[in-house]
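Q: I would like a close look at a single residue in this model and at the part of the fold that surrounds it. Please begin with the residue itself and work outwards from there.

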Amino acid sequence: MKLNLHRYEPYTKVEGPGLRACIWVQGCPIGCDGCFNKATWDSKGGKWVDIDSLADKIIKDINHTEEQVEGITFLGGEPFQQAEALAYLGKRLKKEGLSIMTFSGYYYESILKANRKDWQDLLSVTDLLVDGPYVKEKHDLSRPWIGSSNQSYRFLTNRYAHLKETLLTYPNKLEVHIQPDGKVLINGMIRDIDLDELKRSLSI
């Protein structure tokens, strides 16, 4: 089984609770106006990777860092476009004790009504779901990891139930990763004005 991968980041502290690995999938049919990651839209982009090989790499990476990796986050792109592959990957990683956080541009109710086995399988391994499309007119960064006020947290297991009352104490943050080839990768969330200033300072 293969996954169309846009990016893999082994260590991040801005894409969910705690230290996490993160996978951005390639391909999104929703195409939200104002999306900050349009490079993930085209399903013909990305790189096809073997799921078992990717799982082995993630497990190796989390075992080679002094700080404990808490979980893995799936975003994109649209994870539910590759639900079967991510459900398989999530099942393998949950056996390692990792939590799963999934972002989707589809609303939770729509995912349930679709009655698709692959979508249900991805939900079944997901501990925390952030659902709903980014709506430019409802832009709101007052909550962590969420870009617009219509989006919601869905606690699908008890893994993060303790966060329900404390989520607003988590600040949004941004990470800058400089690759060996000099390429600069940015992930996380901050105000547009701060992001523009950062880009100017990095000349990107």
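A: D131 lies in strand β6, in a model that is predicted. With a relative accessible area of 0%, D131 falls under the 20% limit and therefore counts as buried. The side chain of D131 has polar partners of two kinds. One is the backbone nitrogen of Y108, which the side chain of D131 reaches at 2.7 Å; another is the side chain of R154, with which the side chain of D131 makes a polar contact at 3.2 Å. Leaving aside residues up to four places away in sequence, the residues that D131 touches are S104, Y106, Y107, Y108, E109, Q151, S152 and R154. Both polar partners thus recur in the list of contacts, which includes Y108 and R154.

The strand that carries D131 comes next. Strand β6 covers residues 128-131, and its side chains alternate: L128 and V130 point one way, while L129 and D131 point the other way, and all of them are buried. On one pairing, β6 joins strand β5 (residues 99-104) in the parallel sense over four bridges, and within that pairing T102 has L129 of β6 as its bridge partner. On another pairing, four bridges join β6 to β7, and here the two strands run antiparallel; L128 finds its bridge partner in F155 of β7. In general terms, strands of a sheet pair through backbone hydrogen bonds, and the sense may be parallel or antiparallel.

These pairings belong to a wider sheet. Seven strands form an open sheet with mixed pairing, in the order β3-β1-β2-β4-β5-β6-β7. Its edge strands are β3 (47-50) and β7 (152-155), each of which pairs on one side only. Neighbouring strands of this sheet are turned against each other by 30° on average, with direction ignored. At the end of the order that holds β3, four bridges join β1 to β3, and these two strands run antiparallel; L5 has K47 in β3 as its bridge partner. Helix α1 packs on the sheet, where it touches β1, β2, β3 and β4, and the direction of α1 makes about 5° with that of β1.

Helix α1 also leads to the charged pairs of the structure. A search of the whole structure finds ten salt bridges, and side chains of opposite charge can pair when their charged atoms come close. One of these pairs stays inside the helix: D61 forms a salt bridge with K57, with the closest N and O atoms 3.7 Å apart, and D61 and K57 both lie in helix α1, four residues apart, which is about one turn of the helix. The two members of this pair differ in cover, since D61 is buried with a relative accessible area of 15%, whereas K57 is partly exposed at 42%.

Another pair reaches from one helix to another. R92 forms a salt bridge with D52, with the closest N and O atoms 3.2 Å apart; R92 sits in helix α2 (residues 83-94) and D52 in helix α1, so that the pair links distant parts of the chain, 40 residues apart. R92 is partly exposed, with a relative accessible area of 23%, and D52 is likewise partly exposed, at 30%. This pair is also part of a network of salt bridges in which D52, D56 and R92 are linked.

A further pair involves loops. E67 forms a salt bridge with K13, with the closest N and O atoms 3.2 Å apart. Because E67 lies in the loop between α1 (51-62) and β4 (71-75) and K13 in the loop between β1 (2-12) and β2 (20-25), the pair ties together parts that are 54 residues apart in sequence. E67 is partly exposed, with a relative accessible area of 40%, as is K13, at 48%.

For the setting as a whole, the chain has five helices and nine strands, and along the sequence they follow the pattern β-β-β-α-β-α-β-α-α-β-β-β-β-α. Of the 204 residues of the chain, 46% count as buried, and D131 is one of the buried residues. Among contacts between residues at least 6 apart in sequence, 64% join residues at least 24 apart. The accessible surface of the chain comes to about 10,800 Å², and 50% of this belongs to carbon and sulfur atoms.

Conventions:
Residues are numbered from 1 along each chain as its sequence is written. This is a predicted model: local features need pLDDT of at least 70, side-chain atom pairs count only at pLDDT 80 or more; totals for chains, interfaces and linings use all residues. Side-chain values use heavy atoms; hydrogens and water are left out. Buried means under 20% relative accessible area, exposed over 50%, partly exposed in between (1.4 Å probe, protein chains only). Contact means heavy atoms within 4.5 Å. Accessible areas come from the Shrake-Rupley method with a 1.4 Å probe; for residues, only the protein chains shown count as cover. A salt bridge is a side-chain nitrogen of Lys or Arg within 4 Å of a carboxyl oxygen of Asp or Glu. Two strands pair if DSSP finds at least two bridges between them. Axes are lines fitted to C-alpha atoms, for helices over the stretch in contact, and angles run from 0 to 180 degrees between N-to-C directions. A polar contact is a pair of N or O atoms within 3.5 Å; within protein, one must be able to donate a hydrogen and the other to accept it, and residues adjacent in sequence count only if both atoms are side-chain atoms.
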